[in-house]
Amino acid sequence: MAQIIAVLGGKGGSGKSTCSIGISLALAEQGKRVLLIDLDEGMRCLDMLLGVSEDLVFDVSDAVAGRELSSCVLNVPEAESLYLLAAPAEKGTLNTKEFVKYLTSLPENHFDNIVLDLPAGSDIELYQALPKSTEFLCICNPNAVSVRDAANIGNLLSKANRRGKLIINRFETYFIRNIMFSNLDDIIDESGLSLIGIVPESESLFFAFLEGKFKITGRAKKAFARIAARLNGQNVPLPKLSKI
Ligand SMILES: Nc1ncnc2c1ncn2[C@@H]1O[C@H](COP(=O)(O)OP(=O)(O)O)[C@@H](O)[C@H]1O
Ligand SMILES: [Mg+2]
């Protein structure tokens, strides 16, 4: 079965969709065949952010209902081996159990990774339904509210008998040193999750979002490449904080 990577976080705006795209593009660049699924029903955005909304006819609910997957996926021009399944336009269309059953029944050789962009909030039913091997990546910003939220998500994942990892997004060394936390360890300790990566505050990401053209460059690109490599089991050390 493909490795499932669920990108989650309780708060809207922490960067779940941005990180889902960044990680998917990085995995594709490292030679993986990636299926990115937008699960933000009613608020779908990945088709717009990746500039393929004009091609959108069918969404993930059509695939789950039995329509041929190849007619539902959208090819992402930025990466040959990245495919998108858009979210349904209306909330409440997908049934969690049927969705997970569909995911786990996909032929093994179709995709290496399946990245799920989850909506804000927590959904223990979904966490429990997903296979134990799922990598749950909690997106957290370096501020106290977001860190508490990550801790809550971590607790829920433990209740569901699943393990989560932490991505600190919108990182700026200035924040860590002078505003909220005296050092990075405090964030990691408070969240109760183990760190898998740090993504910097990045103009390239901000404008990619505004323009719907995800050509990620610079430090953000390197950050996603490190996370993708770690997801593939490689041991990639964290660079000096000033270099993130
Ligand atoms: N690392 C980052 N650097 C700059 N802007 C970011 C970064 N991550 C997210 N953003 C911005 O934050 C906003 C919310 O991001 P989004 O990915 O939609 O969050 P979510 O999916 O969690 O609601 C967008 O305007 C996006 O461009
Ligand atoms: Mg989102």
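**Figure 1. The cysteine C45 is buried, with a relative accessibility of 18%.** Buried stands for under 20% relative accessible area, exposed for over 50%, and partly exposed for values in between, with a 1.4 Å probe and protein chains only. The structure shown is a predicted model, in which local features need pLDDT of at least 70 and side-chain atom pairs count only at pLDDT 80 or more, while totals for chains, interfaces and linings use all residues. Residues are numbered from 1 along each chain as its sequence is written, chains are lettered from A and ligands numbered from 1 in the order in which they are written, and side-chain values use heavy atoms, with hydrogens and water left out. A disulfide is a covalent bond between the sulfur atoms of two cysteines. For counting, the two sulfur atoms must lie within 2.5 Å, and by this rule the count is zero. C45 forms no such bond because the closest cysteine sulfur, that of C19, is 12 Å from its own. The sulfur of C140 is likewise too far for a bond, since the closest cysteine sulfur, in C138, is 6.4 Å from it. C140 counts as buried, at 0% relative accessibility.

**Figure 2. An open sheet of eight strands has mixed pairing.** Strands (E, at least two residues) and helices (H or I, at least four) are DSSP runs, numbered from the N terminus. Two strands are taken to pair if DSSP finds at least two bridges between them. The order across the sheet is β3-β4-β2-β5-β1-β6-β7-β8. β3 (74-75) and β8 (194-200) each have a single partner strand and stand at the edges, so one side of each lacks a neighbour in the sheet. At the β3 edge, two bridges link β3 in the antiparallel sense to strand β4 (residues 82-85), where Y83 stands opposite N75. At the β8 edge, β7 and β8 run parallel and are joined by six bridges; N169 has V199 in β8 as its bridge partner.

**Figure 3. Strand β6 is mostly covered and pairs with β1 and β7.** β6 spans residues 135-140, and six of its six residues are buried. E135, L137 and I139 point one way from the strand, whereas F136, C138 and C140 point the other way. Four bridges join β6 to strand β1 (residues 3-8) in the parallel sense, and F136 is the bridge partner of A6. Strand β7 (residues 164-171) also runs parallel to β6, with five bridges between them. Among the pairs here, F136 is matched with G164 and I139 with I167. From β6 the chain passes through helix α7 (residues 144-159) to β7, in a right-handed β-α-β crossover. Right-handed here means that, with the strands pointing away from the viewer, the path from the first strand over the helix to the second runs clockwise. In β7, six of the eight residues are buried.

**Figure 4. Ligand 1 is surrounded by 15 residues.** A residue is included if one of its heavy atoms lies within 4 Å of the ligand. The closest are G13, K16, S17, T18 and N169. Polar contacts are pairs of N or O atoms within 3.5 Å; within protein, one atom must be able to donate a hydrogen and the other to accept it, and residues adjacent in sequence count only if both atoms are side-chain atoms. A backbone N or O atom of S17 lies 2.9 Å from an oxygen atom of the ligand, and a polar backbone atom of S14 is 3.2 Å from a ligand oxygen atom. From R170, a polar side-chain atom lies 3.1 Å from an oxygen atom of ligand 1. On its own, ligand 1 has 560 Å² of accessible area, of which the protein covers 87%. Accessible areas come from the Shrake-Rupley method with a 1.4 Å probe, and for residues only the protein chains shown count as cover.

**Figure 5. R170 and N161 have positive phi values although neither is a glycine.** R170 lies in strand β7, with phi near 65°. This residue is partly exposed, having a relative accessible area of 33%. N161 is placed in the loop between α7 and β7, and its phi is about 65°. N161 counts as exposed, at 51% relative accessibility.

**Figure 6. R226 is a buried residue of helix α11.** The helix spans residues 218-231, and R226 has a relative accessibility of 15%. From R226 to V236 the separation is 10 residues in sequence and 6.4 Å in space, C-alpha to C-alpha.
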